[in-house]
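User: Got a model for you. Can you walk me through a helix and a couple of its residues?
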Amino acid sequence: MAASLSSQGHSFLTPTGVEIVFVLVGLAVLGAAVLTVTTSRLVHAALWLVVALGGLAIEYLLLTAEFIAWVQVLIYLGSVVVLVLFGLMLTKAPIGRSPDADSGNRWVALGVAVVAAATLVTLVVDAFRSTWMDLSSGGGSTGANGEVLFRYWVLPFEALSVLLLAALVGAIVLSRRHREEG
């Protein structure tokens, strides 16, 4: 599935149109992700999260992984963002600017994020520097993705569902406490 760049006739210096669109959408996703974590309005953060997750679905489509793209749209855009907005409404989070949304550790968090991102990018670029993925061979097909998903990734998905359920129950408990106190 992975072959040498020179044997495929591809080069990093001659990108195709799909690769250019992939990089542009990736930059838009990066910008939306930065706005998600830097905005002081919680509802705006949730809406920027929608943009970032939608951009990831487009990236999956560009990688010819249509099944994963639809899963991204249905589960993350449909369920997770609705759950976040539902939790915001249940806890009566402020709609406008939230002064307590900034902890004062912004510069430390930025430093940790930059170091983590640089480490991940360095590892990925080093690991895949001389390989080229042939996407026409069916590697992103529903069958291939389903086989890997249900063989190796069932437990993490189930753990995520329990985590989301706990977040929803926590939001309901917090909203009831505020009603009883008020």
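Analyst: Here are some notes on two helices and two residues. This is a predicted model, where local features need pLDDT of at least 70, side-chain atom pairs count only at pLDDT 80 or more, and totals for chains, interfaces and linings use all residues. Residues are numbered from 1 along each chain as its sequence is written, and side-chain values use heavy atoms, with hydrogens and water left out.

User: What does α4 span?
Analyst: Residues 66–90, 25 in number. From first C-alpha to last, α4 reaches 34 Å, close to the 36 Å expected at 1.5 Å a residue. That expected span is 1.5 Å times one less than the number of residues. Helices are DSSP runs (H or I, at least four residues), numbered from the N terminus.

User: Where is the kink in α4 centred?
Analyst: On Y76, at about 25°. The bend at a residue is the angle between axes fitted to the seven residues ending there and the seven starting there.

User: Is Q72 buried or exposed?
Analyst: Buried, because its relative accessible area is 5%. The cut-offs are under 20% for buried, over 50% for exposed, and partly exposed in between (1.4 Å probe, protein chains only). Other buried residues in α4 include A69, V80 and L83.

User: What does Q72 touch?
Analyst: L53, L56, A57, Y60 and L77, leaving aside residues up to four places away in sequence. Contact means heavy atoms within 4.5 Å.

User: Switching topic. Which helix holds G55?
Analyst: Helix α3, residues 42–62. G55 counts as buried because its relative accessibility is 8%.

User: And which residues does G55 touch?
Analyst: V25 and V29, again not counting residues up to four places away in sequence. V25 lies 30 residues from G55 along the chain, yet their C-alpha atoms are separated by 6.3 Å.

Note on methods. Helix = DSSP H or I, 4+ residues; strand = E, 2+ residues; numbered from the N terminus.
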